[in-house]
Amino acid sequence: MIVANRLPVDRVKLPDGTLGWRKSPGGLVTALEPVMRSNQGAWVGWPGTAGEEADPFVDDGLSLVPIAMSEQEVREFYEGFSNGTLWPLYHDVVAKPEFHREWWDSYVTVNRRFANRAAEVASEGATVWIQDYQLQLVPQMLRDLRPDLRIGFFLHIPFPPGELFQQLPWRRQILEGLLGADLVGFQLNGAAQNFVRLVRQRVGHKTHRDTVYLPDGRTVQATAFPISIDTNGFEELARSQSVAERATQIRAALGNPKRVLLGIDRLDYTKGIYPRLRAYSELVKDGHFDVNDSVFVQVATPSRERVEQYRVLRDDIDRLVGRINGDLGRIGKPVISYMHSSFPRHEMAALYRAADIMVVTPFRDGMNLVAKEYVACRFDNDGALVLSEFAGAANEMRQAWLINPYDINGMKATILEAAQSDDKERSRRMKAMRKTVIDNDVAKWANKFLESLTQLRPNHTKPVRPARLS
Ligand code: F6P
């Protein structure tokens with residue numbers, strides 16, 4: 001059973017005015033949805049809007065158990081503590097985290113609601129896999145209610161070093177919450193080490209390497225499991241006739257330029273969209289790229305739109321794109337073709353196929369699945385990936401053109417180098433990255449995590465039955 005802040009589908013108003021469901025945004029759902037659909041599991045989560053309790057339902061073989069949140073809880077738990085406190089704190093304080101006691105109270109209340117509901121619907125001895133920073137108290141709350149369960153937790157975003165984490169007034173409660181799991185998974189080794197060190201220093205438990213020894217004899221393991229994508233699914237889509245046709249259409253609509261550069265991100269201040277567009281515009285201004293034969297396509301998916309820092313970011317990017325296009329564009333030839341919208345997988349695959357250079361420049365990112373999706377779609381071993389060294393993906397894809405997003409001149413030089421690279425060089429790099437993404441897809445990631453979890457608690461020998469929905 002998965003317990004995640006969001007259900008894999010959001011409750012939305014359809015164009016005809018009725019209520020319906022639409023796939024929810026973000027890397028977590030992209031990664032876990034295929035795994036869960038093929039395992040016919042249950043998924044406990046929030047449908048994405050404030051409102052009353054909805055009944056569980058089955059969607060394409062997956063049992064969905066909606067958790068309600070009031071308008072105030074959306075403000076204080078989701079927009080507040082999750083995305084105004086934890087998100088910036090865990091991403092190297094790229095923005096300033098805010099600490100409010102009422103936000104914390106709401107975080108505790110909503111985590112308890114998730115734990116209670118999971119405890120109600122999980123079968124005897126079930127394996128429960130809790131996801132991400134919004135639910136860090138759930139592991140211990142759930143263990144208190146249901147000690148028979150096997151509990152795993154995975155953090156999709158970075159886990160910060162002690163110097164930053166210790167700013168959090170509720171640091172000990174968060175660590176103790178996570179210690180309710182048998183296995184705590186992180187994207188990178190460094191994050192697992194940060195966690196174990198903090199547990200030793202702040203909670204005072206004995207630790208050895210990746211294991212924490214609790215006073216009651218239980219152990220908790222903290223290990224890195226770098227997340228991945230549905231590599232085959234993306235490659236198949238990319239190879240399809242309809243995607244190939246759409247990619248040709250996209251290039252034609254852009255005026256069949258010599259070079260298409262591409263950025264696709266949730267509109268988030270951690271993604272480094274601003275310095276990326278500045279770097280590219282300076283390359284145009286300096287004469288290295290010509291608007292007549294090059295264009296930068298930037299897709300920014302709307303996200304957390306009521307949070308102040310996200311509103312400011314949107315205005316900043318709107319203004320920057322306007323200024324760059326106003327200063328450097330020509331009639332019918334923008335420097336940046338900017339879209340503030342989300343696209344289905346088919347269109348994403350077509351964009352990946354249409355792009356000569358993919359530019360991924362986060363200041364900090366747990367993994368970055370867009371970088372992996374681009375590589376999965378480049379079955380021709382062509383295309384260049386420019387990637388921030390501060391994205392988790394850079395750990396596995398060393399053959400990308402790596403950049404430091406804080407260093408605009410360095411970023412300019414590297415984008416130019418990627419653009420001027422010869423076929424052989426691009427193919428050498430792309431082949432190596434493709435091997436990584438093909439050998440390590442999301443199914444393997446999930447299997448590795450679940451196998452480790454099973455091995456950790458061999459005393460739980462009962463078969464895992466499908467969840468009982470009440
Ligand atoms: O992958 C990180 C993450 O925060 C997920 O937990 C989340 O589902 C996704 O990004 C999208 O964010 P949100 O749910 O706030 O729209």
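## Q72 and its surroundings

Q72 counts as partly exposed, with a relative accessibility of 44%. In this predicted model, Q72 has its place in helix α2, which covers residues 71-90. Which distance separates Q72 from W103 in space, given that they are 31 residues apart in sequence? From C-alpha to C-alpha, Q72 and W103 are 9.9 Å apart.

## Overall shape and surface

The protein contains 17 helices and 18 strands. Its radius of gyration is 22 Å, and the globule rule gives 23 Å for 470 residues; the two values are close, so the protein is as compact as a globular protein of that length. Taken along the principal axes, the box filled by the C-alpha atoms is roughly 65 × 50 × 40 Å.

Of the 470 residues, 58% count as buried. The accessible surface comes to about 19500 Å², and carbon and sulfur atoms account for 47% of that surface. Contacts can also be sorted by how far apart the two residues are in sequence. Among contacts between residues at least 6 apart, 72% join residues at least 24 apart.

## Two domains

The protein is divided into two parts. Domain 1 is made of residues 2-227 together with 444-456, and domain 2 is made of residues 231-439. How many residues of each domain take part in the contact between them? On the side of domain 1 there are 25 residues, in contact with 22 residues of domain 2. The C-alpha centres of the two domains lie 30 Å apart.

## The nonpolar cores

In soluble globular proteins, nonpolar side chains tend to be buried together. Here the largest nonpolar core has 98 residues, and the members that touch the most other members are F114, F159, I174 and F195. Helix α3, residues 101-121, gives this core its largest share, nine residues. Domain 1 and domain 2 each supply at least three residues to this core.

F195 can be followed in more detail. Leaving aside residues up to four places away in sequence, F195 touches F159, L175, L178, L179, V184, F186 and A222. A second core, separate from the largest one, has 63 residues, including A4, V370, L385 and F449.

## Strands β1, β4, β7 and β8

Strand β1 consists of residues 2-6. Is this strand enclosed by the rest of the structure or open, and why? Five of its five residues are buried, so β1 is largely enclosed by the rest of the structure. Strand β1 pairs with strand β7, residues 127-131, through two bridges, and these two strands run parallel. One partnership here is between I2 and W129 of β7. Strand β1 also pairs in the parallel sense with strand β4, residues 42-46, this time over three bridges. In that pair, R6 has W46 of β4 as its bridge partner.

Strand β7 is in turn joined to strand β8 by five bridges, and the two run parallel. Within this pairing, I130 stands opposite F153 of β8. Strand β8 covers residues 150-154, and five of its five residues are buried, so β8 is largely enclosed by the rest of the structure. Which residues of β8 lie on each covered face? R150, G152 and F154 are buried on one side, while I151 and F153 are buried on the other.

## Helix α4 and the loop before it

Helix α4 runs over residues 138-145, and its buried residues are V138, P139, M141, L142 and R143. The cover over these buried residues includes α3, β7, β8 and α6, the last of which spans 171-178.

The loop between β7 and α4 holds D132. Phi of D132 is near 75°, which is a positive value in a residue other than glycine. D132 has a relative accessible area of 5%; the cut-off for buried is under 20%, so D132 is buried.

## Another positive phi

R304 is also a residue other than glycine with a positive phi, in this case near 45°. R304 lies in the loop between β14, residues 294-301, and α11, residues 308-328. Its relative accessibility is 14%, and R304 counts as buried.

Key
Residues are numbered from 1 along each chain as its sequence is written. This is a predicted model: local features need pLDDT of at least 70, side-chain atom pairs count only at pLDDT 80 or more; totals for chains, interfaces and linings use all residues. Side-chain values use heavy atoms; hydrogens and water are left out. A nonpolar core is a set of buried Ala, Val, Leu, Ile, Met, Phe, Trp, Tyr and Cys residues joined through side-chain atoms within 4.5 Å. Buried means under 20% relative accessible area, exposed over 50%, partly exposed in between (1.4 Å probe, protein chains only). Helices (H or I, at least four residues) and strands (E, at least two) are DSSP runs, numbered from the N terminus. Domain bounds come from an automatic or database domain assignment. Contact means heavy atoms within 4.5 Å. The radius of gyration is taken over C-alpha atoms; the globule rule is 2.2 Å times the number of residues to the power 0.38. Accessible areas come from the Shrake-Rupley method with a 1.4 Å probe; for residues, only the protein chains shown count as cover. Two strands pair if DSSP finds at least two bridges between them.
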